There are 2 protein chains.
Amino acid sequence: MDSNASLKEIGRTLEKASRIIIFPHVNPDGDALGSAAALCFAMRKAGKEAWVLMEEPVPEYLSFMDTEYFTEDLSRARGRYVSVCVDCGEEKRFPKRAESFRRGETTICIDHHSTSGKCGDLYYIDEDEAATAQIIYELLKEMGIPLDRREAEALYVGICTDTGSFKYSNTTARTHRIAAELFERNIDHNSISVALYQSVDEKRLRLRGRILETMELFSEGRGAVACLTDEALKELSASPDDGEGAVEMLRDIKGVELAAFLKEKEEGVRVSMRAKSRGGVSEIASKFGGGGHAKAAGCTLQMHMEEARAVIIKEMEDYLEKSR
Amino acid sequence: MDSNASLKEIGRTLEKASRIIIFPHVNPDGDALGSAAALCFAMRKAGKEAWVLMEEPVPEYLSFMDTEYFTEDLSRARGRYVSVCVDCGEEKRFPKRAESFRRGETTICIDHHSTSGKCGDLYYIDEDEAATAQIIYELLKEMGIPLDRREAEALYVGICTDTGSFKYSNTTARTHRIAAELFERNIDHNSISVALYQSVDEKRLRLRGRILETMELFSEGRGAVACLTDEALKELSASPDDGEGAVEMLRDIKGVELAAFLKEKEEGVRVSMRAKSRGGVSEIASKFGGGGHAKAAGCTLQMHMEEARAVIIKEMEDYLEKSR
């Protein structure tokens, strides 16, 4: 826990505001969008003008979410407003919106990443919370705003995403108690589960096969790496985003402790990393200017694929050797 | 709900007994074993001689479970005892132990399958419970036996297994409240998740690729079928059990409503079926002498693989056409 303000103080600041602009991070996941959406719906209910300001469309796999007040129109951030960034704490995580964020009368940061940059006049970072959605849940309770189905569904998406549907070690009794309360708001949890977990497209499944062909285990099976090459993408006319989920597949191999999945993107080789039991990947990611959690982190390397692959294997080998 | 006895009455019967023999079904899954183990631990704690009687070893993927009082020794069922079958309700689900079951002074059936055969002098079937483990949880509460970590871990395995880690539509607020209580018993949920979900072996992963090659979609992408042939098994020196999880992979394809996975076994072609949103597979399975739940069922066909495949596709096409 690292905060310069309580949720009560943050709540009071929001209560006093009449316009609130919410900033999820780029490359948004279910927790960033779910936390942003729930906060936005609740603020609207409390009579405020609230918007979730984006700098890119909602990813296809999250397009089922209710994003009524999501906008890419920077002019929504006009006049006097309070800024809230959620699930991130650095301006580089919302680069095209950083100026709009800073222009807020008060800037607030709500995050659960241990590597959080804590940008904001007020910040509340709790890395013991499995998802930022759990903090938003607490904040709304603190503010006395009752949860309706709409906020509950958004928060549920956030919690599912960041706990791997209650499987990851960040899940606690509290996570399940919150989930129980969300269920009592009559959420359509089956549709959310189907959308999140049972909507793999055929192309992605075929791509999995191709990624598996590049799989290499090292450090006596305690490390695994695989990559998505441009050739495979072209052949299956897939996009790099179709590689989503591959790194979890590698992590889930018996005996594997650290896994990395590399894909070529315009800005360089994007490396997604996962740790199974003991963490360590945010440490590796931060060496290369990236970040994240102990068990889920990422970075971008300005190298060719083969070089990046060798660098990451070396880092992981060293880490696994050290932590023996 | 279909019961001729309350959990209170079942509890009283167990309290009066000094020896209790518990019968999970053949081909046991996490719910059968978790329910059996939790009941057994609790009965031991209450001063009784209790055994879980098996007719086969615990499957490899569940070998992490605490199975101290599991035995294949039929002579454990001697003298006077109460029999309890869990997660099933037909003697054909424990064929080699049926006589031992019947020899119990009182026979009890605790199950959550809507197709349950309700064998037993006393039976308690509640298909609204996501897992038999939830019924055992309630029974122990009814009997005033406090949960320790050992029972809690066994019940957690049962609940995770049958709800697909809280993803399936059978999950309720109650499921999450029970999970929260189990977490408060300090269960090692991360080790359980790692064992259940993050211990895929390399061979299985390679086999997935082979199974994917046989994949066929039908009924405009609303049905999917794939099979595991003897050739693929030989080539990868894998066993039919290595196909575990394949049917869920098929179900999880976007647009797929019904999925079937076929594998050759000694007794014939074993068909595992899953439905995504609306169910229907127990109906198909029961046509061929099988059974299960609306969304997860299975049967065995005495045919060649190609014939069985055609039969199942036809059944699913008809069902999908009818339910349009």
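A:D148 is partly exposed, with a relative accessible area of 37%. In this predicted model, A:D148 pairs with A:K45 in a salt bridge whose closest N and O atoms are 2.7 Å apart. A:D148 sits in the loop between α4 (132-142) and α5 (149-163) of chain A, while A:K45 belongs to helix α2 (residues 30-45) of chain A, so the salt bridge ties together parts that are 103 residues apart in sequence. A:K45 also counts as partly exposed, at 37% relative accessibility.

A second salt bridge in chain A is formed by the side chains of A:D318 and A:K314, at 2.9 Å from N to O. Both residues lie in helix α12 (residues 305-322) of chain A; because they are 4 residues apart there, about one helical turn separates them. A:D318 is partly exposed, with a relative accessibility of 38%, and A:K314 is partly exposed as well, at 45%.

In chain B, the side chains of B:K322 and B:E283 meet in a salt bridge of 3.6 Å, N to O. This pair links distant parts of the chain, with B:K322 in helix α12 (residues 305-322) of chain B and B:E283 in helix α11 (residues 281-287) of chain B, 39 residues apart. B:K322 counts as exposed, at 61% relative accessibility, because the cut-off for exposed is over 50%. B:E283, with a relative accessible area of 43%, is partly exposed. Salt bridges with shared partners also occur, joining A:K45, A:D148 and A:E151 into one network. Over all chains, a search of the whole structure finds 48 salt bridges.

The next residue to consider is B:T175, which lies in helix α6 (residues 173-184) of chain B. Is B:T175 buried or exposed? Its relative accessible area is 0%, so B:T175 is buried. Leaving aside residues up to four places away in sequence, B:T175 touches B:A130, B:Q134, B:I159, B:T163, B:F166 and B:N170.

The last topic is how the chains are arranged. Two copies of a chain are related by a rotation about an axis and a shift along it. Here, a turn of 180° and a shift of 0.0 Å along the axis lay chain A on chain B with an RMSD of 0.1 Å. This is the relation of a two-fold axis. Of the interface residues of chain A, 100% are also interface residues in chain B, so the copies meet through the same surface.

Notes. Residues are numbered from 1 along each chain as its sequence is written. Chains are lettered from A and ligands numbered from 1 in the order in which they are written. This is a predicted model: local features need pLDDT of at least 70, side-chain atom pairs count only at pLDDT 80 or more; totals for chains, interfaces and linings use all residues. Side-chain values use heavy atoms; hydrogens and water are left out. Helices (H or I, at least four residues) and strands (E, at least two) are DSSP runs, numbered from the N terminus. Buried means under 20% relative accessible area, exposed over 50%, partly exposed in between (1.4 Å probe, protein chains only). Contact means heavy atoms within 4.5 Å. Copies are superposed by least squares on the C-alpha atoms of residues with pLDDT of at least 70 in both. A salt bridge is a side-chain nitrogen of Lys or Arg within 4 Å of a carboxyl oxygen of Asp or Glu.
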